[in-house]
Amino acid sequence: MEAIRKMTLLPAQALESRAPAMRRKGRLSVGADADIVIFDPARVRDRATVEHPELMSEGISYVIVGGQVALDPRGPRRDVRAGQAVRAGP
């Protein structure tokens, strides 16, 4: 749980003052942006290298962005254009 918090909530909170949209990131709650990663913690590992940066990570089954499945067990869904840019506030 601590690793998930460090990868989601803490970075979002660190950026909230600069980018107000980050207040809706890094947490699952009513009104939050629904970006969800479903993974097997025992299998997650980064396969990318300097020579092959395109290699996908292992152990991640689904990525859901804004309610749309962007990654499933078959791979990235190239037809899905979900999500929005996060910009710094004025």
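This report describes a surface patch, a buried aspartate and several salt bridges in a predicted model.

On the surface, Met1, Ile4, Met7, Val37, Phe39, Val44 and Ile60 come together as a nonpolar patch, and their combined accessible area is about 670 Å². Two elements, helix H1 (2-7) and strand S1 (36-39), each give two or more residues to this nonpolar patch. Met7, which lies in helix H1, has a relative accessible area of 59% and is therefore exposed.

Asp72, by contrast, is found in strand S3 (residues 68-72), and Asp72 counts as buried because its relative accessibility is 7%, under the 20% limit. The side chain of Asp72 makes a polar contact of 2.7 Å with the side chain of Arg74, and, when neighbours within four places in sequence are left aside, Asp72 is in contact with Ser61, Tyr62 and Arg77.

Side chains of opposite charge can pair when their charged atoms come close. The whole structure holds 9 salt bridges, among them the following.

| Salt bridge | N to O distance |
|---|---|
| Asp33 and Arg24 | 3.5 Å |
| Lys25 and Asp35 | 3.9 Å |
| Glu58 and Arg45 | 3.0 Å |

The pair of Glu58 and Arg45 links distant parts of the chain, with their positions 13 residues apart, and both partners are in the loop between S1 and strand S2 (60-65). Glu58 is partly exposed at 28% relative accessible area, and Arg45 is partly exposed at 46%. Through salt bridges that share partners, Arg24, Lys25, Asp33 and Asp35 are joined into one network. Within that network, Lys25 counts as buried at 17% relative accessibility, whereas Asp35 counts as partly exposed at 39%.

Definitions and conventions
Residues are numbered from 1 along each chain as its sequence is written. This is a predicted model: local features need pLDDT of at least 70, side-chain atom pairs count only at pLDDT 80 or more; totals for chains, interfaces and linings use all residues. Side-chain values use heavy atoms; hydrogens and water are left out. Patches are made of residues with over 30% relative accessible area and no salt bridge: like charges are joined within 9 Å, nonpolar side chains (Val, Leu, Ile, Met, Phe, Trp, Tyr) within 5 Å. Accessible areas come from the Shrake-Rupley method with a 1.4 Å probe; for residues, only the protein chains shown count as cover. A salt bridge is a side-chain nitrogen of Lys or Arg within 4 Å of a carboxyl oxygen of Asp or Glu. Helices (H or I, at least four residues) and strands (E, at least two) are DSSP runs, numbered from the N terminus. Buried means under 20% relative accessible area, exposed over 50%, partly exposed in between (1.4 Å probe, protein chains only). A polar contact is a pair of N or O atoms within 3.5 Å; within protein, one must be able to donate a hydrogen and the other to accept it, and residues adjacent in sequence count only if both atoms are side-chain atoms. Contact means heavy atoms within 4.5 Å.
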